[in-house]
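Please read the briefing below alongside the sequence and the coordinates. It is arranged by topic.

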Amino acid sequence: MVTLVNLRAYWRFVRVIHQFLPLLLTYARDRRKYLVVGGSRAVSPDTQRERADRLLTSLLTLGPTFIKLGQLLSTRPDVLPPAYIEVLSSLQDDVPPAPWDDTKPVLEDEVGPVDEVFDDFDRDAISGASLGQVYHATYEGEEVAIKVRRPGVEALVEADLRALKWLLPVLLRFTDEARRFSLSNLADEFDTTIRQEMDYSRERRMLDEIRENFAGNDRIRIPQAEPDLSGERVLTMEYLSGVKINDVDALDERGLDRSELAESLQRIYLQMIIEDGVFHADPHPGNLAVDEDGAIIFYDFGMSGRVDAFFQDKIVEFYVAIANQDIDGILDAMVEMGTLSPNADREVMGNVMELAIADVRGEDLEQYRVQQVIQQVEDTIYEFPLRLPRNFALILRVATVVEGVCITLDPDFDFISVATDYLTEQGYREEGVKQAVESAGDQFEETMRSLVTVPPKLDETLDRVNRDDLTVEVRLDDDHDVLDQLAKRIAYSILVAVGLLSTAILYSFNETPEAAIVAGVVTMPVGLLLYRSLRQKRGVKARPQFTRQEMRRRRGDE
């Protein structure tokens, strides 16, 4: 039975195909010059930016769901090249609000008659976004902000999600194998993310939790929600006014220290991610303001995330390794977080990290920007490619956006210095040194044990060599039948060579042409088998190395 949602989804699918098909065909031609045959084409950065602009226009044309998709794509350097990431990062979720007459029924279904519930209510929205809009009102003598879900957005998002589900197999056909897993993962992630962002009950819970984590901290202000006037489609909260955090002239007029503001913002996010495990994930200047006392006001907790204890530990190790310029520590943390294959070429990756740090550190070894380091890592992630767990992608985005805001406040802001001080104050660097000492002690103990046990064993082995009584067993692991395939190719090659030589000799003497023809016919099937053997890739194809399952399997085998 065809439902109304399905009919809308079919129409949206047609519109999506119409917008994306030219880009898909262009991408396919980059991989195959004539779509079916031919080598790949080189694409310049300028061409990539032009295509990224076209993609941005298509996302804006398709509306709310695809605006959110573009914002998510801007956090996934394992899916798109850096040029696309740069363009999509500028995508702002700022659209004209829906008419009040359409919004009023949504609000009253959740809280009751507007004129009876509120002392005063301004019908003109103070901000509009793709999924909701915000109004200003007075409730029991206090100013409040009311966030209302955009009318009819649920049906549109549902239809778009179905259209994207139907589109995914088409996208996978145009995508190289290395990125198919990431795209499938991204589709599932987007489905979850946009549904969470439309659920204002969840946003209220996240807001309350983060607000409680910073209770008593006068450097940050988070609005208090009104539970009685909030629901799944409406969120009513305390109205907090302030100056936008990137309005440096207004901040200077108020005599606020912008360097202290930048440090406060960085420390707040370090606490969210490293200490609390729950964080505000959309820190662009529209969601950050500063009050008269210099406290930072946070708005809009629709995009927020959680970090489990394992990731918190690894993020700390990652930060400490960057602060210490410990290349091996950076790579180890990336492997354990699942963003780098355990079998990746550590020398190559180490060179990338060294170049990234050398490019930005300057004469003073502590003076380098983590945003530039992350950008270099993101470029590498796309080229290898690597895979990003969802929350790690959000954390990368948060780190880059936050540092951009901090640089606006203070052009000389040193992220690494602030992060290093924070980690030292919290005892993380001391703990890292302690673990390193313990590890060194274990290695020393093993070395001393080896000094006692190895010489007798070596002496015994040398005696056996002297008696010609040493047997060496060599065992080859060939899970992919590489040696078997190689043997077949050698055999086929010899048979083809013999057949061709016999045919040539019989034909040259021209005494028995029928024999030459027979020899040639007999040789042809063997030649076909050789051709198929050379074309076949299954015998040498390696299993995926970038998945967590593969990492666990390898640990289990050791």
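The overall figures come before the strands, the helices and the regions of low confidence.

This is a predicted model, in which local features need pLDDT of at least 70 and side-chain atom pairs count only at pLDDT 80 or more, while totals for chains, interfaces and linings use all residues. Residues are numbered from 1 along each chain as its sequence is written, and side-chain values use heavy atoms, with hydrogens and water left out. The protein chain has 21 helices and 11 strands; helices (H or I, at least four residues) and strands (E, at least two) are DSSP runs, numbered from the N terminus.

**Overall figures**

- Of the 558 residues of the protein chain, 43% are buried, where buried means under 20% relative accessible area with a 1.4 Å probe, counting protein chains only.
- The exposed surface of the protein chain amounts to about 30500 Å², and carbon and sulfur atoms supply 52% of this area; accessible areas come from the Shrake-Rupley method with a 1.4 Å probe.
- Among contacts with a separation of 6 or more in the protein chain, 68% link residues 24 or more positions apart, a contact being heavy atoms within 4.5 Å.

**Strands E1, E2, E3, E4 and E6**

- Two strands pair if DSSP finds at least two bridges between them.
- Strand E3 (residues 132-139) is mostly covered, with 7 of its 8 residues buried.
- Strand E4 (residues 142-149) is also mostly covered, and 6 of its 8 residues are buried.
- E3 and E4 run antiparallel and are joined by 8 bridges; tyrosine 135 has isoleucine 146 of E4 as its bridge partner, and threonine 138 has glutamate 143 of E4.
- The hairpin formed by E3 and E4 has 2 residues between the strands, and glutamate 140 in the turn has a positive phi of about 50°.
- On E3, strand E1 (residues 120-121) pairs antiparallel through 2 bridges, and aspartate 120 stands opposite threonine 138.
- Strand E2 (residues 127-128) likewise pairs with E3 in the antiparallel sense over 2 bridges; glycine 128 stands opposite glutamine 133 in E3, and a hairpin of 3 residues joins E2 to E3.
- E4 is joined to strand E6 (residues 234-238) by 5 bridges in an antiparallel arrangement, in which isoleucine 146 stands opposite threonine 236 of E6.

**The open sheet and helix H11**

- An open sheet of 4 strands follows the order E5-E10-E9-E7 and has mixed pairing.
- Strand E5 (220-221) and strand E7 (243-244) stand at the edges with a single partner strand each, so one side of each is left without a neighbour in the sheet.
- E7 pairs with strand E9 (residues 288-290) in the antiparallel sense over 2 bridges, and lysine 244 has alanine 289 of E9 as its bridge partner.
- Helix H11 (residues 258-276) lies across E5, E9 and strand E10 (296-298), running at about 45° to E10; axes are lines fitted to C-alpha atoms, for helices over the stretch in contact, and angles run from 0 to 180 degrees between N-to-C directions.

**Helices H2, H3 and H17**

- Helix H2 (residues 45-62) packs with helix H3 (residues 64-73) at an angle of about 145°, with their axes 6 Å apart.
- Leu59, Leu60 and Leu62 of H2 make this contact with Pro64, Phe66, Ile67 and Gly70 of H3.
- By class, the H2 contact with H3 has 6 nonpolar, 1 polar and no charged residues; Ala, Val, Leu, Ile, Met, Phe, Trp, Tyr, Cys and Pro count as nonpolar, Asp, Glu, Lys and Arg as charged, and the others, Gly among them, as polar.
- Helix H17 (residues 415-425) has buried residues that include Phe415, Ile416, Val418, Ala419, Thr420, Tyr422 and Leu423.
- Glycine 427, just after H17, takes a positive phi of about 85°.

**Confidence**

- The mean pLDDT (the predictor's confidence in each residue, from 0 to 100) of the protein chain is 77, and 66% of its residues reach 70 or more.
- Over residues 436-440 the pLDDT is below 50, and this stretch has 0 contacts in the model beyond near neighbours in sequence.
- Residues 538-555 stay under 50 in pLDDT, and for them the model has 32 contacts beyond four places in sequence.
- Where pLDDT is low, the predicted coordinates should not be read in detail.

Definitions and conventions. Buried < 20%, exposed > 50% of the residue type's maximum accessible area, 1.4 Å probe, protein only.
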